[in-house]
Amino acid sequence: MQPLLASEPNRVGDYRLLARLGRGAMGGVYLGRSRGGRVVAVKVVRPELAENPEFRERFRREVHSARSVGGFWTAAVVDADPAAEQPWLATEYVPGPTLHQAVSDHGPLPERTVRALAAGLAEALAAIHRAGLVHRDLKPANVLLGPDGPRVIDFGISRAMSGNALTATGMFLGTPGFFSPEQTTGDEVGPPSDVFSLGAVLVFAATGSGPFGDDNTTALLYRVVHNEPDLSRVPGGLRPLLAACLAKDPAARPTPSALLDMVGEPRPQGNQWLPAAITDVIAQHAND
């Protein structure tokens, strides 16, 4: 969390912006407060992107996608204005780090936490898919670790299964090392693609590295399509689950519902699901 710069807005819609939470390709994300005192995360689109009609349509779809999922282990949409001079989206504020930050700072998560994470993310994917969507960019940076469980964020490149993508032919959507073989080869991308990405995210959570390494994009693209994932450092109890998610054939991957059956009873509920060091970070976020 960083203080606002003089060049950044201090109010968006009815929300006073308090600090900068981060920056991405689409714009800045800020901590905001409503007039009634509710704390939210506000994504504000960069001015140059706001001038692009195609991007505005993409952003409008992101808002619609996030609202249709309904906040089930996803960051619920509170408010939005896709027609504003700089379009913006306000969601619930989750006082916790991303999975990428947590693992980078504190190391791999214990098996019980990875199982709880798997359960929460599987339920999130089930809700996303019931809404007729494919997330298409599930990765550690798009998973927030909240006090009561994870939240999937950033529907910026999700796509309605029955709709057309607003992207050029041949453009990759997703993050190398976490997206599926079919995203790499340009084949049909459906719900099983998100399951593959979930498997890669869980490998990162359990080991600190992706299942296909961490080097250059070209090598990752090749390995995702042709090589078997490296699960050698994954705890034995998790390997069958993650190997199933990472099957090359989309039809061979389990559904989110089947994943929940495989995970068993652990669920990311209560405030004891994370290691103490990460729980302390969440407490600091909540008190900032």
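Which residues in helix 3 meet Val 201, Phe 204 and Ala 205 in helix 6? Keep that question in mind while you open the structure, which is a predicted model, and begin the tour at these two helices.

**First stop: helix 3 and helix 6**

Select residues 99-106, which form helix 3, together with residues 191-207, which form helix 6, and you will see two helices that pack at an angle of about 25°, with their axes 9 Å apart. Because angles under 35 degrees count as roughly parallel, helix 3 is described as roughly parallel to helix 6. The crossing of helix 3 and helix 6 is left-handed. Now show the side chains, and the opening question can be answered: Leu 99, His 100 and Val 103 are the residues of helix 3 that meet Val 201, Phe 204 and Ala 205 of helix 6. Sorted by class, this contact of helix 3 with helix 6 consists of five nonpolar residues and one polar residue, with no charged residues.

**Second stop: the sheet**

Turn next to the open sheet of six strands, where the strands follow the order 1-2-3-4-6-5 and the pairing is antiparallel. Select residues 11-12 for strand 1 and residues 77-81 for strand 5: these two strands stand at the edges, and each has a single partner strand, so one side of each is left without a neighbour in the sheet. Then select strand 2, residues 15-23, and strand 3, residues 27-33, which run antiparallel and are joined by six bridges. To look at a single pairing, pick Arg 16, whose bridge partner in strand 3 is Arg 33.

With the sheet still displayed, add residues 53-69, which make up helix 2, and you will find this helix lying across strand 4 (39-45), strand 5 and strand 6 (88-92), while running at about 160° to strand 5.

**Third stop: a loop with two buried residues**

Finally, move to the loop between strand 7 (133-134) and strand 8 (143-146), and select Arg 136 there. Is Arg 136 buried or exposed? Its relative accessibility is 8%, and because buried means under 20%, Arg 136 counts as buried. The backbone deserves a look as well, since Arg 136 has a positive phi of about 75° although it is not a glycine.

Asp 137 lies in the loop between strand 7 and strand 8 too, and with a relative accessible area of 11% this residue is likewise buried. To end the tour, draw a distance from the C-alpha atom of Asp 137 to that of Leu 198: the two atoms are separated by 9.8 Å, although the residues are 61 residues apart along the chain.

Note on methods. Residues are numbered from 1 along each chain as its sequence is written. This is a predicted model: local features need pLDDT of at least 70, side-chain atom pairs count only at pLDDT 80 or more; totals for chains, interfaces and linings use all residues. Side-chain values use heavy atoms; hydrogens and water are left out. Helices (H or I, at least four residues) and strands (E, at least two) are DSSP runs, numbered from the N terminus. Buried means under 20% relative accessible area, exposed over 50%, partly exposed in between (1.4 Å probe, protein chains only). Axes are lines fitted to C-alpha atoms, for helices over the stretch in contact, and angles run from 0 to 180 degrees between N-to-C directions. Angles under 35 degrees count as roughly parallel, over 145 as roughly antiparallel, 65 to 115 as roughly perpendicular and the rest as oblique. A crossing is left-handed if the near helix is turned anticlockwise from the far one by less than a right angle, and right-handed if clockwise. Contact means heavy atoms within 4.5 Å. Ala, Val, Leu, Ile, Met, Phe, Trp, Tyr, Cys and Pro count as nonpolar, Asp, Glu, Lys and Arg as charged, and the others, Gly among them, as polar. Two strands pair if DSSP finds at least two bridges between them.
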